[in-house]
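Student: I want a close look at one part of this model, and then its surroundings. Keep it brisk, please.

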Amino acid sequence: MFPAKFAYAAPSSLEEALGLLSTEDSKILAGGHSLLPLMKLRLAQPSLLVDIGRIPGLAYTRRENGVLAIGAMTTYRDIGLSPEAAAAAPVLVHAVHEVGDPQVRARGTLAGALAHADPAGDLPAVALALGGTVRVVGPNGERDLDLDSFFVDMLTTTLDEKEIIREIRLNVQPAGAGAAYQKFDQPASHYALTGVAAVVSLQNGTITSARIGVTGVGPKAFRPRAVEQALIGKPAEDEAIKAAVQTVADGIDVQGDIHASPDYRAHLARVLTRRAVLEAAGNAA
Amino acid sequence: MAQTQTQEPGLYTVAVTVNGTRYSREVEPRQLLVYFIREQLGLTGTHVGCDTSQCGSCTLLLNGVAVKSCTILAVQADGADIKTIEGYAEANGKLHPIQQAFWEEHGLQCGFCTPGMVVVIDQLLRDNPNPSEAEVRRGLDGNLCRCTGYQNIVKSALSAGRKLRGEEPFEKPDTALTEAAPATAGAH
C-alpha cells in the first residue's frame, strides 16, 4: 500500500516549518505512526508533509518544578527510558508501555498521539488525569492550550491547523498521590476498548481529590467530573468507590463497534474506573 | 540530509548505510522504507507481511532501534545507519548467536517472520540482557508468527540470551530429545 502522491519538506527549524504549513492541505509528520497508516489507506491525502523529525532539540523529557516537559519528537520509547518521567509521573511511564508494541513505541510520539486524538488512544486518558497544557507555536507566536479543553471531538482538538505542538507540559504527580492506568484492550490492535487513568490523593484513608481520564468509551477522551466529585470524602475502599463511579459513562455518546457494544463499553468504564481508583489509592502514600 | 522541496512531488535523494555499505538512490517521497530496502537496494531479507504495522516482518534496526519499516518513509531514513537481517551472520556464514539459537531450538517453520523476530529479539536483549519468559513474550508483542505457536521462538530468545551472556556455548550440544520443559503460558 502506498500513500497518494505528496510533496515532502524537512525544515531545520520550527519557524521554517510554520512557514511551510501555510501550504493548502499540508500536514505535520512526526513519528508518522498515526498519519502514515491513514495515508496508506488513502483516508488522508495531504499535499505536503512537513517532517519535523529533523528539527534539532525537540526530543527531551525535563522536570521544571511541578511540570514534566516533553518535547514534540519524544517517543514512547524515550519516555519509557526517561528517569525524569519515571520520577515525575510513574503512571505515564506505565501507560506508554501499554501503547502498541516495542517497534511502534520506538517511533510514535506523545505529542503526535495527543494531536491525533484517537478516541481509543491510551495517552489522552493519562494526560487528562495528570492535567497540564499543550504548548504550541503558530503564526501568532506561542500559546498554551489547557488539556482539560484540548479534546473537542473524534480526531479533533483545539490545535489550529497552522500550529505545531512544541511541547507537552504534564503536571507532576502530587506528592503522596497515587496513580494508575487500567486498560482492557482489543487484543489484535492493542487499542483500548476502554482505558481509565486515575490520580488520587488520600488523607487518613479518605479520598481528598481524584482526577480521572477515560478513553475508548466516547468519541473523545474525557474527565468524568461527577465521579471525581463523588469520590471526595469517600473511604478508599472497594464498595464506596464502586458506588461513586457508577455514573462514569452517563451523558457520554458511548461508541459501539464489532469489538464492543455501547453497553459493554459503559460496563467496562464502570469496572475499570473502580479498579483504577482503587489501585491509585493503593499507590498513594 | 533531506532537501527542502515543496513545489512538485519530485524525486529526492536518500543516502543510507545498510549493514555497513553506503547506498544512495532517488525516491518519491511516498516510497516506504521497506520497499526502498527490498526493491531499490535488493535486500529482500526484510519481509512485507501485513503492510499495516502489525505483523513485524518488516522490522529492521534504524540507528540501532528496532522499527517497522512499512510505516516509515524512505526520506525519513535519509542519513540513517540501518541494519537488516542480512547484516547478522558473518561473511563466512557463521550465524549470529540469535540465529544459532533459532537453528537449535527449531524457532522457525516457514521462516517468513524470522527476520523480524531476530531483529526484535536483538533489540529486546540489548534493552534487557536477562529477560524472563514473560518479558520475552511482551517483547514479541509486535511480531506475528502463524506457524510455531511462539513456544520455540520464546525458547530461541531465551537461549540467545544465555549465549550472549556466555552462559551457554555458541553451539549447544544436541539436547533436543532430552529437553522436555513445555512453557505453560500461552501466546499473549
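In what order do the 5 strands of the open sheet in chain A lie, and is their pairing parallel or antiparallel?

Tutor: A word on the model before the sheet. It is predicted: local features need pLDDT of at least 70, side-chain atom pairs count only at pLDDT 80 or more, and totals for chains, interfaces and linings use all residues. Residues are numbered from 1 along each chain as its sequence is written, while chains are lettered from A and ligands numbered from 1 in the order in which they are written.

Now the sheet. Its order is β4-β5-β10-β6-β7 of chain A, and the pairing is antiparallel. Strands here are DSSP runs of E, at least two residues long; helices are runs of H or I, at least four; both are numbered from the N terminus. Two strands count as paired if DSSP finds at least two bridges between them. The edges are β4 (61-64) and β7 (141-146) of chain A, each pairing on one side only. On average, neighbouring strands are turned by 25° against each other, direction ignored. The axes behind that angle are lines fitted to C-alpha atoms, for helices over the stretch in contact; angles run from 0 to 180 degrees between N-to-C directions.

Take one pair inside the sheet. Strand β5 (residues 67-71) of chain A meets strand β10 (residues 164-171) of chain A over 5 bridges, antiparallel. A:Ala69 has A:Arg169 in β10(A) as its bridge partner. Such pairing goes through backbone hydrogen bonds, in either a parallel or an antiparallel sense.

Around the sheet, chain A holds 11 helices and 13 strands. Chain A is as compact as a globular protein of 285 residues, because its radius of gyration is 19 Å, close to the 19 Å from the globule rule. That radius is taken over C-alpha atoms, and the rule is 2.2 Å times the number of residues to the power 0.38. The C-alpha trace of chain A spans about 55 × 45 × 35 Å along its principal axes. Of its 285 residues, 55% are buried. Buried means 20 or more other C-beta atoms within 10 Å of a residue's own, exposed means 12 or fewer, and partly exposed lies in between, with C-beta atoms placed from the backbone. Contacts mean C-beta atoms, placed from the backbone, within 7 Å. Among contacts in chain A between residues at least 6 apart in sequence, 64% link residues at least 24 apart.

Chain A also touches chain B: 28 residues of chain A contact 28 residues of chain B. On the chain A side, β1 (7-9), α2 (35-40), β3 (48-51) and α6 (102-105) each supply at least two residues. That side has 17 nonpolar, 6 polar and 5 charged residues. Nonpolar covers Ala, Val, Leu, Ile, Met, Phe, Trp, Tyr, Cys and Pro; charged covers Asp, Glu, Lys and Arg; the others, Gly among them, are polar.

Chain B offers another antiparallel example. There, β3(B) joins strand β4 (residues 65-68) of chain B through 4 bridges, running antiparallel. B:Leu60 stands opposite B:Val67 in β4(B). The hairpin of these strands has 2 residues between them, and B:Asn63 takes a positive phi near 50°. β3(B) also pairs with strand β5 (residues 81-83) of chain B, antiparallel, over 2 bridges. In that pairing, B:Leu61 has B:Lys83 as its bridge partner. Both faces of β3 (residues 59-62) of chain B are covered: B:Thr59 and B:Leu61 on one side, B:Leu60 and B:Leu62 on the other, are all buried.

Note on methods
Two residues are in contact if their C-beta atoms, placed from the backbone, lie within 7 Å.
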